[in-house]
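The following exercises ask you to work through a structure step by step, each with a solution below its task. Keep the sequence and the coordinates at hand as you read.

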Amino acid sequence: MICQLISIFIGLLLSAASGDSHCATNGVPIVRNISELDQDSYGRPGLSHITIAGSIMHGFKEVEVWLQTFAPGAHTPIHRHSCEEIFVVMKGSGTLYLASNSHKKYPGNPQEFPVFANSTFHVPVNDAHQVWNTNGHEDLQLLVIISRPPVKVFIYDDWNVPHTAAKLKFPYYWDERCYQTSPTKDEL
Ligand SMILES: *[C@@H]1O[C@H](CO)[C@@H](O)[C@H](O)[C@H]1NC(C)=O
Ligand SMILES: *[C@@H]1O[C@H](CO)[C@@H](O)[C@H](O)[C@H]1NC(C)=O
C-alpha cells in the first residue's frame with residue numbers, strides 16, 4: 001500500500017517536472033534537436049506548431065521563432081499584429097493573402113501572393129493577413145520569425161470586419177500553457 005502511494009507520488013513529481021521543462025523560462029539549452037521539441041496543433045485543424053524560441057515559453061525578449069506545418073487546406077485565421085513578421089518557406093507552397101489597408105476602416109479585399117519552397121515573404125506591421133496551404137497535395141512548412149514578442153493577435157471573421165471590431169487573442173494558443181502573469185516588458 002505504502003509502496004503504491006510512493007510510486008503514485010513519484011509519478012506526479014515526474015509529470016510536474018516534464019510540464020515545467022515545456023515552459024523553460026530560466027535557461028534554454030544552447031543546442032536543441034528540433035525533432036525533440038514539443039509539437040501540437042493547439043486545437044487548430046491541420047496545424048503542427050513548434051515554438052523554437054518563445055517569449056512566454058522560453059523567456060526570449062526581442063524575437064520569437066516558430067516552425068509551422070499546414071496540411072493541405074489548412075490556414076491561419078485572418079489576423080494582424082503590431083510586429084514585424086518574416087517567413088521562410090521550407091517545404092510546399094501556398095498563398096499569402098494580404099490587405100495593406102490598416103488606414104481604412106476594415107481590411108477589404110486582400111492581395112494574393114503565391115509563395116513557394118525556398119521563397120521568403122514578410123508582413124508589414126499591422127497589415128491584416130492570412131496564410132493558406134492552397135496546394136492540395138503537399139504540406140506547407142514555414143519558419144516564422146516575429147519581433148516584439150509576446151505577440152498580441154487581433155482576429156477577423158472576414159475581410160470586411162472593421163479593424164476596431166477585430167478580436168484580441170492573448171495569450172496566443174501556444175502560450176496559454178506557460179502564461180501566468182503579465183510579462184514585465186514595456187509595451188512598444
Ligand atoms: C534528433 O532527434 C531525432 C528524434 O528523436 C533523432 O532521431 C535524431 O537522431 C536526433 N539527432 C541528433 C543529432 O541527436
Ligand atoms: C534556396 O536558395 C539558396 C540560394 O540560391 C540555395 O543555396 C539553396 O540551395 C536553396 N534551397 C533549396 C532547398 O532549394
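**Exercise 1.** Decide whether asparagine 118 is buried or exposed, and describe its setting in this predicted model.

*Solution.* Begin with the neighbour count: asparagine 118 has 8 C-beta neighbours inside 10 Å, and since a residue with 12 or fewer is classed as exposed, asparagine 118 counts as exposed. Next, place the residue in the chain, where asparagine 118 is found in the loop between strand E6 (111-116) and strand E7 (120-123). Then turn to the backbone, where asparagine 118 has a positive phi of about 70° although it is not a glycine; most residues other than glycine have a negative phi. Finally, consult the annotation: an unreviewed UniProt entry places the feature "glycosylation site" at Asn118, and such annotations may be inferred rather than shown by experiment.

**Exercise 2.** Carry out a similar analysis for asparagine 126, stating how exposed it is and what its phi is.

*Solution.* Asparagine 126 lies in the loop between E7 and strand E8 (128-132). Its C-beta has 15 other C-beta atoms within 10 Å, and asparagine 126 is therefore partly exposed. The phi of asparagine 126 is positive, at about 75°, although the residue is not a glycine.

**Exercise 3.** Determine the order in which the strands of the open sheet are arranged, and identify its edge strands.

*Solution.* Start from the overall inventory, in which the protein chain contains 2 helices and 11 strands, following the pattern α-β-α-β-β-β-β-β-β-β-β-β-β along the sequence. An open sheet is formed by 5 strands in the order E1-E2-E9-E4-E7, with antiparallel pairing. Its edge strands are strand E1 (47-53) and E7, each of which pairs on one side only. Direction ignored, neighbouring strands of this sheet are turned by 20° against each other on average. To examine one pairing in detail, take strand E4 (residues 85-91) and strand E9 (residues 140-147), which pair in the antiparallel sense over 6 bridges; in E9, leucine 142 is the bridge partner of valine 89. In general, strands of a sheet pair through backbone hydrogen bonds, either parallel or antiparallel.

**Exercise 4.** Establish whether tryptophan 174 is buried or exposed, and find which residues it contacts beyond its neighbours within four places in sequence.

*Solution.* Tryptophan 174 lies in the segment after strand E11 (167-169). The count for tryptophan 174 is 22 C-beta neighbours inside 10 Å, and because the threshold for burial is 20 or more, tryptophan 174 counts as buried. Leaving aside the neighbours within four places in sequence, tryptophan 174 is in contact with Tyr42, His49 and Thr51. The C-alpha atoms of tryptophan 174 and glycine 43 are separated by 9.9 Å, although these residues are 131 residues apart along the chain. For the chain as a whole, buried residues make up 23% of the 188 residues, and among contacts between residues at least 6 apart in sequence, 71% join residues at least 24 apart.

**Exercise 5.** Locate the peptide bonds from proline 149 to proline 150 and from phenylalanine 170 to proline 171, and state whether each is cis or trans.

*Solution.* The bond from proline 149 to proline 150 is cis, with omega near 0°, and proline 150 lies in the loop between E9 and strand E10 (153-156). The bond from phenylalanine 170 to proline 171 is also cis, with omega near -5°, and proline 171 is placed in the segment after E11. As a reference for these assignments, most peptide bonds are trans.

Key
Residues are numbered from 1 along each chain as its sequence is written. Chains are lettered from A and ligands numbered from 1 in the order in which they are written. This is a predicted model: local features need pLDDT of at least 70, side-chain atom pairs count only at pLDDT 80 or more; totals for chains, interfaces and linings use all residues. Helices (H or I, at least four residues) and strands (E, at least two) are DSSP runs, numbered from the N terminus. Two strands pair if DSSP finds at least two bridges between them. Axes are lines fitted to C-alpha atoms, for helices over the stretch in contact, and angles run from 0 to 180 degrees between N-to-C directions. Two residues are in contact if their C-beta atoms, placed from the backbone, lie within 7 Å.
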